[in-house]
Amino acid sequence: MKNQTPVALVTGGSRGIGRATSLELARRGYSIAINYHSRSAEAETLRDELQSKGHDAECYRADVGDREQVNAMCRTIESKQGPTEVLVNNAGVTRDVLFMMMQARAWQDVMNTNLDGVYNCCKAVSRYMCARKRGVMINIGSGSGISPRVGQTNYSSSKSAIIGMTRSLARETAPYGVRALTVAPGFTRTELADMVDAKAIEHSLSMIPLARWGLPEEIAEVIGYMASNDAAYITGVTIVVDGGRASGEQEFGPFAAC
Ligand code: NDP
């Protein structure tokens with residue numbers, strides 16, 4: 001084992017919100033385990049960047065939807081880097097299409113990565129955390145899991161399920177001193193959001209009281225705080241970081257009716 005610095009595993013940790021989270025958790029003193037699926041160059045570049053700043057960081061290829069790959073990755077992290085104290089289940093995909101035209105594959109791909117992936121990673125890591133009576137699992141939900149979005153029945157289902165799963169998981173792990181919570185971002189400037197068409201972007205901005213999309217760093221700072229001891233009394237809840245969109249969509253407007 002390299003050292004006893006606690007490890008933060010960030011799934012999909014090499015780009016978008018995951019990359020910002022890896023950087024934030026490194027700044028907070030964790031060894032970083034960067035999980036990626038397809039883009040090894042991005043993961044290696046981030047690892048090198050973190051190492052050049054004096055942080056401990058390694059990258060691990062694994063499909064979070066594949067239980068065997070996840071188990072092997074988590075075992076390797078424990079033996080190579082140290083004890084996993086923070087898990088950020090960030091990996092996620094969209095396959096947006098109207099429900100009437102949605103093929104089973106688009107449903108299954110999204111559920112496999114977004115929901116089975118969270119199950120696989122929590123399952124693998126929670127037993128280490130509960131045995132050590134220390135750790136926090138932060139699952140990345142979405143505003144789409146809270147309020148409706150056209151063309152996202154698959155994605156919304158996966159993200160709503162994360163909220164329910166996390167609430168129950170938090171009840172089960174609390175006696176071991178292990179926390180679990182959801183951070184639900186609204187629209188955030190990443191490649192995933194680049195897939196949204198221009199009309200939908202315009203519409204989305206009209207629904208956000210703060211009238212702009214979030215930045216990956218703004219989501220990462222909340223994740224970093226939730227991972228820290230300053231948030232030691234917070235578990236089971238969903239922290240929404242969305243510029244106010246979910247605070248009352250129907251009522252939003254300059255002269256909302258009472
Ligand atoms: P990006 O599309 O920028 O990045 C997705 C990340 O997930 C990549 O690192 C990718 O790895 C990884 N990934 C995808 N599939 C798998 C898999 N099967 N196994 C392991 N890793 C995988 O996404 P964002 O940064 O925008 O989103 C991050 C999270 O935030 C997601 O859960 C998303 O649902 C959620 N979110 C995003 C919002 C937004 O507006 N951006 C809004 C609300 C929630 P690789 O590069 O190797 O393929």
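**Panel A. Cys121, a buried cysteine without a disulfide partner.** Cys121 has 0% relative accessibility, so it goes down as buried (buried means under 20% relative accessible area, exposed over 50%, and partly exposed in between, with a 1.4 Å probe and protein chains only). The closest cysteine sulfur belongs to Cys74, and at 5.8 Å that is too far for a bond. Cys130 is buried too, at 15%, and its closest cysteine sulfur, in Cys122, sits 10 Å away, again too far for a bond. With a disulfide taken as a pair of cysteine sulfur atoms within 2.5 Å, the count comes to 0.

A word on what you're looking at: this is a predicted model, where local features need pLDDT of at least 70, side-chain atom pairs count only at pLDDT 80 or more, and totals for chains, interfaces and linings use all residues. Residues are numbered from 1 along each chain as its sequence is written, and side-chain values use heavy atoms, with hydrogens and water left out.

**Panel B. The open parallel sheet.** Here 7 strands line up in the order 3-2-1-4-5-6-7, with parallel pairing. At the edges are strand 3 (57-61) and strand 7 (238-241), each pairing on one side only. From one strand to the next, the twist averages 20°. Strands here are DSSP runs of E with at least two residues, helices are runs of H or I with at least four, and both are numbered from the N terminus. Two strands pair if DSSP finds at least two bridges between them.

**Panel C. Strands 6 and 7, side by side.** Strand 6 (residues 178-185) pairs with strand 7 in the parallel sense over 4 bridges. If you want a spot to look at, try Pro185, whose bridge partner in strand 7 is Val241.

**Panel D. Helices 1 and 5 against the sheet.** Helix 1 (residues 16-27) packs on the sheet and touches strand 1 (7-10), strand 2 (31-36), strand 4 (84-89) and strand 6. Its direction makes about 175° with that of strand 1. Helix 5 also packs on the sheet, touching strand 5, strand 6 and strand 7, and its direction makes about 160° with that of strand 6. Touching, or contact, means heavy atoms within 4.5 Å. Axes are lines fitted to C-alpha atoms, for helices over the stretch in contact, and angles run from 0 to 180 degrees between N-to-C directions.

**Panel E. Ser144 and its neighbours.** Look for Ser144 in the loop between strand 5 (135-140) and helix 5 (153-173). Its relative accessibility is 3%, so Ser144 counts as buried. The Ser144 side chain makes a polar contact with the side chain of Gln152, at 2.8 Å. A polar contact is a pair of N or O atoms within 3.5 Å; within protein, one must be able to donate a hydrogen and the other to accept it, and residues adjacent in sequence count only if both atoms are side-chain atoms. Leaving aside residues up to four places away in sequence, Ser144 touches Arg149, Gln152, Tyr155 and Ser156.

**Panel F. Glu24 and Arg27, a salt bridge within helix 1.** The closest N and O atoms of Glu24 and Arg27 are 2.9 Å apart. The two are 3 residues apart in helix 1, so about one helical turn separates them. Glu24 is buried, at 8%, whereas Arg27 is exposed, at 57%. A salt bridge is a side-chain nitrogen of Lys or Arg within 4 Å of a carboxyl oxygen of Asp or Glu, and by that rule there are 14.

**Panel G. Glu78 and Arg132, a salt bridge between helices.** The closest N and O atoms of Glu78 and Arg132 are 2.9 Å apart. Glu78 lies in helix 3 (residues 67-80) and Arg132 in helix 4 (residues 104-132), so the pair ties together parts 54 residues apart in sequence. Glu78 is buried, with 11% relative accessibility, and Arg132 is partly exposed, with 36%. As for networks, salt bridges that share partners join Arg15, Arg39, Glu42 and Glu191 into one.

**Panel H. Glu49 and Lys53, another salt bridge.** The closest N and O atoms of Glu49 and Lys53 are 3.1 Å apart. Glu49 is partly exposed at 24% relative accessible area, while Lys53 is exposed at 52%.
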